[in-house]
Number of protein chains: 2
Amino acid sequence: MLGEGAVSTDPADLAAHAHDWWTLALLRQRTGDTFTLPAAVVRPASTEDVSVVLRWAQETRTPVVPFGGGSGVSGGAQAIEGSIALDVTRMDQIISVDHDALTVTAQAGIGGRTLEDDLEGRGLTLGHFPQSIDISTLGGWVAARSAGQKSARYGRLEDMVLGLEVVLPGGTVVRTRPAPASAAGPDLARLFIGSEGTLGVVTEATLAVRPAPRVVTHGAYAFAAFEEGLLAVRRVVQEELHPAVMRLYDETDVGIAFRDAAERPDGSLLVLRFEGDAIADAEERAIRDIVEAAGGKDLGPGLAERWWEHRNDAVGTFRQIMLDGLLGPAAAVDTMEVAGLWPSTDLYEGVRAALGSHADVVGCHSSHPYPQGTCLYFTFVFIGAKDDAAVEARYRAAWADAISATLAAGGTITHHHGVGLLKAPWLPAELGAGFEVLRAVKRALDPAGIMNPGKLGL
Amino acid sequence: MLGEGAVSTDPADLAAHAHDWWTLALLRQRTGDTFTLPAAVVRPASTEDVSVVLRWAQETRTPVVPFGGGSGVSGGAQAIEGSIALDVTRMDQIISVDHDALTVTAQAGIGGRTLEDDLEGRGLTLGHFPQSIDISTLGGWVAARSAGQKSARYGRLEDMVLGLEVVLPGGTVVRTRPAPASAAGPDLARLFIGSEGTLGVVTEATLAVRPAPRVVTHGAYAFAAFEEGLLAVRRVVQEELHPAVMRLYDETDVGIAFRDAAERPDGSLLVLRFEGDAIADAEERAIRDIVEAAGGKDLGPGLAERWWEHRNDAVGTFRQIMLDGLLGPAAAVDTMEVAGLWPSTDLYEGVRAALGSHADVVGCHSSHPYPQGTCLYFTFVFIGAKDDAAVEARYRAAWADAISATLAAGGTITHHHGVGLLKAPWLPAELGAGFEVLRAVKRALDPAGIMNPGKLGL
């Protein structure tokens, strides 16, 4: 029903669409466990193609797993028995850029870097820089409720979405009306943002963009303790100041993020990037005043400049540890990003202790601050296990305990990596009776249950 | 099933809960038309009470119309045959204020002014100042997706909501987890914000608050033409500058808002209020530079200071026109707030022309600017009709034509007044296939159809 070359059953293609970058999937890839492969990879070229596929899928009760960059880390793109992978990366066009309204409309399969580079060529920026920007897609960002490294200034992806095009199971195309704001009923776009492909397929989005900043500077500060730095971060955001990046590493995470021991400070490290225009100088000065009053010791801009250049190297390191034996044959690494209200110290202590009782190394940084709280991003590494089975057992125990600790401290179990399969067992605890609302919505919009079954526990 | 005094069938009580401040309802009040009265007014004292009522209502198939301040202007609180008015104003407590996380948790029935005054007494502000603040409730703000006069700095109500408590038909209590941000599935709170009581009853909300601003100043500028002023407004918000108020009146609306002809300028008027802290001076200077470069003529702060003091007098004037014959026996007034992407000039011209072909006076101001567009707030007055029947006919024609003009210009039919009954006939045109999504959600969450039937066309 589609054009030439839209359907593939090539074994390598199927294998490349069997899972995403979930650590557990990579562990199994390493141990040679057989994966459930999709029955086919389907590559629509248009919204109409997606509509045709979803109508057919509903009629034939075929499970559909939407697939973008495959860079998720929670198993949200994992194939299930008899499913098709709906790979939207042929739908990669920028449809329009509106310089009056400062918006861009693009197809869901466009790569994040391609989109940002195109905008920067026009003197604009989306300002959305997830660590995965080189390997993830706009549709994936919408599906997973993404947040980028500059969220303190530019907001989360959901704050940028003005309008969405979504294809429902059955093939109906829904287009929300792009508006700066509206009170015409609930915001239906928000129902699909974070739905991880369980309610429909995002095919297009209209996003707010900004003029590219004219002033970009950096700064770094040392703090004796992480908690002291956290207070500085909180004071800055609660004064409604908006550094592009304000990332605070604890003593262990400094060692993970900055390999050169001579370069990194003792204690906790605050990395700052400032972007701005007319009031950039005043804002930078105000931020530095608060940080210094809170005990930060100025380290100059160099550390932060190097951090910005190398910030996404961790993606490669992750692959080396998981697939190339960088830390030995039975090592593994994963990350967990939770969020809670200020002061967030109970959340920090609780999750760190829970992970630390299973993993060999646990580092944490406050990555995305808000006036009301922060994201705490933990990196945890298993090195000394005797084999992959032992790693997996410790891995599962670490996640279970860390999620319990998160909920006990009043936090949310995911800030921007999403739920997928990894966190699905705990979503009912996270949402309470809200999970029944979500299930009711799922049944209403996807009565045949074809959309990404099992993800979000749906 | 509730405590003493929770149910009233007193005729005056029923009459006071028969409708809100929708102009059409007031026209009928004036002409002595009989209203549909609620069968009873029910005043729960707690979330548990609301749960008891909704369980009973679902079992008995009794329509429930949630009622707060009754200050809506779109008929969202209008009684229907056999309905009860669920008046939540006994649930008016502030439950907690968190100075670390800068949040407040309050019950839905609290008055807007009471909430803001309490926060200001603690050195905080919510920053949400709808014109109705003295007569509206927190629950109504949530239900109608409200925006306040300072939204350019503090955001819309939906941006302030961190967590909601909602009772579903049947009595289930849903509490979303207050978090600074989350990716644990779609944001379920957003499903109820703007649902106008059609999906459940909001009983409690946790909101972001801020330290009260230390610096408050004002400014006013004259522009030769409205379009020229619009460009100045756009440039300010697209530079990510955030005046608390930036309101631009067209030549007619200046006369409506400023009765003293000696005081007001010829042409278009821009009213500014600045609120800030550490970088307040730099931000005010940057805003003034842009406004002056765009052709604004500085009028000094006095006009804006007086505007701030008297900005809500229009509520009283509205009542005088509608109920006391201020402009003659067969006069009427209403307001229409639409929003569209920049440059918004087609939207302005189109709606003004549509309203002007039926009403005697049409004024407009840009009330709530965003980087991507603005709200255009029209006031339209009928003076010369021969009787109330003629007013009503012109009124209906004006709305129909103005909404058509809004949709034709790509705008949204309501920015913050909501849909209610007034705009329900056009919600399918506004939402397209999204209206079917909304209907499916409604059927899923309220299978018995008891929640505020008919509102939003549901």
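## A tour of chains A and B

Start by selecting chain A and colouring by secondary structure: 17 helices and 18 strands should appear. Chain A has a radius of gyration of 22 Å, close to the 23 Å that the globule rule gives for 458 residues, so chain A is as compact as a globular protein of that length. Keep in mind as you go that this is a predicted model.

Now show the C-alpha trace of chain A and turn it along its principal axes; the spans are about 65 × 60 × 40 Å. If you colour by burial, you will find that buried residues account for 58% of the 458 residues in chain A. Contacts are worth a look too: of those in chain A between residues at least 6 apart in sequence, 73% link residues at least 24 apart.

**Where the chains meet**

Next, bring chain B into view and select the residues that touch across the two chains. You will have 79 residues of chain A in contact with 78 residues of chain B. Which helix gives the most to the side of chain A that touches chain B? Pick residues 434-445 of chain A: this is helix α17, with nine residues on that side. Colour the side of chain A that touches chain B by residue class, and you get 43 nonpolar, 21 polar and 15 charged residues.

**A sheet in chain B**

Hide chain A and look for an open sheet of seven strands in chain B. Walking across the sheet, the order is β15-β12-β14-β13-β17-β18-β16, with antiparallel pairing. At the edges sit β15 (297-298) and β16 (332-341) of chain B, each of which pairs on one side only.

Zoom in on strand β12 (residues 215-223) and strand β14 (residues 268-276) of chain B: these run antiparallel and are joined by nine bridges. To see one residue pair, select B:Y221, whose bridge partner in β14(B) is B:L270.

**Two helices side by side**

For the last stop, select helix α2 (residues 23-31) and helix α15 (residues 388-408) of chain B. These two pack at an angle of about 170°, and their axes are 11 Å apart. An angle over 145 degrees counts as roughly antiparallel, and α2(B) and α15(B) are therefore roughly antiparallel to each other.

Show the side chains at this contact. From α2(B) come B:T23, B:L24, B:L27, B:R30 and B:T31, while α15(B) brings B:D388, B:V391, B:E392 and B:Y395. By class, the residues of this contact between α2(B) and α15(B) are four nonpolar, two polar and three charged.

Notes:
Residues are numbered from 1 along each chain as its sequence is written. Chains are lettered from A and ligands numbered from 1 in the order in which they are written. This is a predicted model: local features need pLDDT of at least 70, side-chain atom pairs count only at pLDDT 80 or more; totals for chains, interfaces and linings use all residues. Two strands pair if DSSP finds at least two bridges between them. Helices (H or I, at least four residues) and strands (E, at least two) are DSSP runs, numbered from the N terminus. The radius of gyration is taken over C-alpha atoms; the globule rule is 2.2 Å times the number of residues to the power 0.38. A residue is buried if 20 or more other C-beta atoms lie within 10 Å of its own, exposed if 12 or fewer, and partly exposed in between; C-beta atoms are placed from the backbone. Two residues are in contact if their C-beta atoms, placed from the backbone, lie within 7 Å. Ala, Val, Leu, Ile, Met, Phe, Trp, Tyr, Cys and Pro count as nonpolar, Asp, Glu, Lys and Arg as charged, and the others, Gly among them, as polar. Axes are lines fitted to C-alpha atoms, for helices over the stretch in contact, and angles run from 0 to 180 degrees between N-to-C directions. Angles under 35 degrees count as roughly parallel, over 145 as roughly antiparallel, 65 to 115 as roughly perpendicular and the rest as oblique.
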